[in-house]
Amino acid sequence: MTTETLLYLEDVSVSFDGFKALNNLNLDVGSNEMRAVIGPNGAGKTTMMDVITGKTRPDEGRVSFRDHALTSMDEVAIANIGIGRKFQKPTVFESHSVWDNLELAMTANRSTFASLYWKLTADQRDNIQSTLERINLVPSSQNLAGSLSHGQKQWLEIGMLLMQQPELLLVDEPVAGMTDAETEKTAALLRDIAKGSAVVVVEHDMDFIRALDVRVTVLHEGSVLAEGSLDSVQNNQRVIEVYLGR
Amino acid sequence: MGAFRSIFTSLFMLIFVSVALAQDVGVLVDKLALGNFTERGAAISALVSSGSPSVVTVLQALEDGRLYARKSDHKVFIATPSGDIFKLADPLSNSDSGQAPKTDIEKIKVNNSLREMISNAMSSLTLFSKDAKVRKDAALAILKSGDASALPALEKAIAAENDTAVADIMRIAAAAATLKSDRPEEAKKTAIATLAQQTDRDTASLLTAYAASVSDPLRSQALAAAEKIEVALSTWTAVQNIWFGFSLASVLLLAAIGLAITFGVMGVINMAHGEMVMLGAYTTYVVEQLFQIYVPDASDYAIVAAIPSAFFISALIGMAIERSVIRFLYGRPLETLLATWGVSLILQQAVRSIFGPTNKSVTTPSWMSGSIDFSNGLSFTLNRIAILIFALAIFAALILLIRYTSLGLQMRSVTQNRPMANAMGIRSSRVDALTFGLGSGIAGLAGVALSQIDNVSPNLGQSYIIDSFLVVVFGGVGNLWGTLAGALTLGVANKFLEPFAGAVLAKIFILVAVILFIQKKPRGLFALKGRWVDA
Amino acid sequence: MSAQSFMPLLGRAGFIFLALLTVVGIGVPTLNLFTTPGSLLHVPDYVVTLGGKYLCYALLALSVDLVWGYCGILSLGHGAFFALGGYAMGMYMMRQIGARGVYGNAELPDFMVFLNWKTLPWYWHGFEYFPFAILLVVLAPGVLAFVFGWFAFRSRVTGVYLSIITQAMTYALLLAFFRNDMGFGGNNGLTDFKDILGFPVQAAGTRAALFLLSALALGTCFIAARVIVNSKFGKIIIGIRDAESRTRFLGYRVEHFKLFIFVISAIMAGVAGALYVPQVGIINPSEFAPSNSIEAVIWAAFGGRGTLWGAALGAIVINAVKSYLTGALPNAWLFVLGGLAIVVTIYMPKGLAGLFAGWKTFPTMPKQAIDLGEAAE
């Protein structure tokens, strides 16, 4: 496993109307690493993702991805250097077919005029087809995304991230509302993805995190409380206090 | 006759010392018929010197070209054409003196210098009128002409004047006349000092013109006085502009504040908001009509009765709209916009069908008419002051209502978290209807105020709706203080631009400025952070 | 291109629409010019003029639908683009009057002579040339839409805020064009046109030709719009409509896509205005009135947004009803229009097109698309 740092957050702080959502947060993620981020509600998990993807500008601190300073880039630029994001609530294009959703997400020239003359090549067709297979949506390929079940939408969104071929995936609560079988499949899917790119997963479901079997970072009140294997953080006295109340 | 006698006597004794005094006025009048313009001028002077009150009539007739001389005996008459012949009247007594064919009489002609002489003379004569207004006008006329020959009369009039306001004007007129007279330098210096107390553009230009005609030290003194007036003037202009700006702001605030509730608090785009204002104005009209029929004596207070009526009518119609249209469209702001636009058309046409398309006018009650005037030309009309106070009172009441009443509390909780408010037992649909009713009722109150300064017509609301939206968006949606700040900023900015750009261009500038501002701060001056603003 | 390859592009309903448009576009002028008045098949002159006007309105509604139905941009200022195109054409026709005006001034339009102007303002130069006027028909609305959209979309003004400022834009233009000093005829606008390209505007032949051109413009713009919405570009703007931030996180420059479709749509509206003016014979500032723009949105909503042909059909149906009612029951028209706005938004969100879908299987929009509010994340 390479340990070269891909994503690096240094002393990042964000506050909303006096409330410190992130407080001197430090985090680094290596390339091809999969990292799970846990923490109670309001710990700053989603804000952290917002900062990385350019949705929220930090008040202080540095965020870098390879040699890009993310703090001076907007969402689109960040997406185009290889960071993909899955939202907490599945967000897909409901009035497009599953196929079209994947086609729109596929890496290609994103310019306005290129999109007017866009034609799918045979390779790209195969690419979409194989992704459909990976996310188990082959039979629904021509159905509207809006007609999919909640779990299927989650997979479709992950599939869209795969089409983007990002170097880093940020995945916010991918198994919320999934059955156990679906959760298991999703864990397998994410482990599969992690072979080709770095993944940061935010999740509450401890079984799921155990299934991922990766390094865990615990956030609390906007900063890192503990970091290590799931077993080690679960036995950390401060983590227990935070989760159980004091 | 006593008054005439006294004027006659005072003129006789104090103004002129002339042989003409001894002569019969009638003879003097007849002299007008003779000789060239110079001699005629002398005759006019002599007449004025006689001080006879009837001279005013003669001079007026001469000025109007109604004074004729009979060719046969050179007697002077006031002639009125009646077909081919002229009716003659004695110029002094106005008694009938028969008639004459056009060929027998000749008009007594005046040239421009005589005409000026006549009008100056008449000003001095009227300085002693019984009527204070006539005296005041005479003084103003002298002030305008700066006629030095009126000076002695003026000084006498000042001494006799017992109305201080008129005396003040006379003193200023005397100062202006002094500048053009051949009085000594000291008198002129005092005159300049008197004029320097004034703050109007005419005095400033009078002083500047005078400065150009003399040399130092009078020249520099006059220029300094003119400069002082200009500075004072620009200050007062600024004060006046701020007042106009505040007045406009109060109108904008009234029109926008109801919208700040429906749009700001509920997130509902109500394009029929302007029509709620219009309904309030029509309610005022109807209440006034009812008062005139049933209690005409109290019709000055119709507007007081109109305030609650307008509130309730607009509020009821607003709630009806909320229950029948808007509640089906929550969460779909763009569709709400279109549906309420439809409502606005229906309301406009309904009012047009009932009251007719023409403008209705609502009379301003006597206690709201008139103005507070200052000597420097500043003027605050009472109805504008009343509207400003009314707007601020509504604003304050609304702030208190939202802060301290249970409806306000419920409104705030529904705004912040609808599902949670429902879970706590607040019936959010009832709160929605009441909130919308409140916003609409306030629009109705705005209509009461606007009926005082604008035409009451079915299109009344249309002229305010775009401005109202801009005020709310500019100030920051969901923030009443922002609406106040928005109204003040836009109102004052508009009135400061108007003198340079004209009313229409000023308005266009403001529109463009607000459009650009929204690009910079899409959430307005005072952005409120909350989920619903993302709608 | 054969009919078979057209079908997927236009859709079944679009194909029927285009076929009908072709029949009407050729049929009406033919039946007007080549049959004798009084005969059963004769189409009277006023129907040609009225119909031509409806076709221009249909194109305006189509342009509104292109940005609203597909990209979720509710523009309440499209009347401004329509009017600007109209003014560009009006200025050309004013210059064509030449010395035939009331004052007989070959250089200056009548209203300038009346205002005691001595020379033609610089911005009127060039309008004596038809190609220049046509260029401005495209450029004036296009540039305004570009500048306005560039600012608005870049700073992410969306939803009702955008609607409000588009309304303020057309209102500002309304006030500006009312001013005599602007040099566009003030209150009265531009009128008393004599001829266009040498053909008298009142002549039956010219009217018929303008009708045909309007139908042609509508048809061409319809096909162009279908090409756009069927491309990947079209899928992206629908994506922006349904989930703007998802599109952005996929790496698409949302503001560029919005700007492109907004400018294209504005140009279409401008072309509609340019064809409208010679047919009605006047253009004045009231075309900028905000209510005109909202009315165009109602046409699109009534016909069925997100279908293009529905918007065009909606414009024609509503205006036909308007022509009838303003004659027969003048007081009823605003009640009808107002009622329509309410009923369509509450009960017929898919418009006429949705009604047709009731008895014919038809690709429809899911509910999400109707909500139009940006999907929360």
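**Exercise 1. The side of chain B that touches chain C**

Find how many residues of chain B are in contact with chain C, and say which element gives the largest share.

*Solution.*
Step 1. Count both sides. In this predicted model, 37 residues of chain B are in contact with 41 residues of chain C.
Step 2. Look for elements that give two or more residues to the chain B side. These are α14 (333-355), α19 (462-475) and α21 (503-520) of chain B.
Step 3. Pick the main contributor. α14(B) gives the largest share, 14 residues.
Step 4. Sort the chain B side by residue type. There are 26 nonpolar, six polar and five charged residues.

**Exercise 2. The open sheet of chain A**

Give the order of the six strands and name the edge strands.

*Solution.*
Step 1. Trace the order in chain A. The open sheet reads β6-β7-β8-β3-β9-β10, with mixed pairing.
Step 2. Find the strands that pair on one side only. They are β6 (83-86) and β10 (223-228) of chain A, the edge strands.
Step 3. Check the twist. From one strand to the next, the twist averages 20 degrees.

**Exercise 3. One edge and its helices**

Describe how β6(A) joins β7(A), then place helices α6 and α7 of chain A.

*Solution.*
Step 1. Examine the pair. β6(A) and β7(A) (residues 168-172) run parallel and are joined by four bridges.
Step 2. Find a facing pair. A:R85 stands opposite A:L170 in β7(A).
Step 3. Add α6(A) (residues 150-164). This helix lies across β6 and β7 of chain A, at about 175 degrees to β6(A).
Step 4. Add α7(A) (residues 180-194). This helix packs on the sheet and touches β3 (34-38), β7 and β8 (198-202) of chain A. The direction of α7(A) makes about 150 degrees with that of β8(A).

Note on methods: Residues numbered from 1 in each chain as written. Chains lettered and ligands numbered in written order. Predicted model: local features only at pLDDT ≥ 70, side-chain atom pairs only at ≥ 80, totals over all residues. Contact = placed C-beta atoms within 7 Å. Nonpolar A, V, L, I, M, F, W, Y, C, P; charged D, E, K, R; others polar. Pairing = 2+ DSSP bridges. Axes fitted to C-alpha atoms, helices over the stretch in contact; angles between N-to-C directions.
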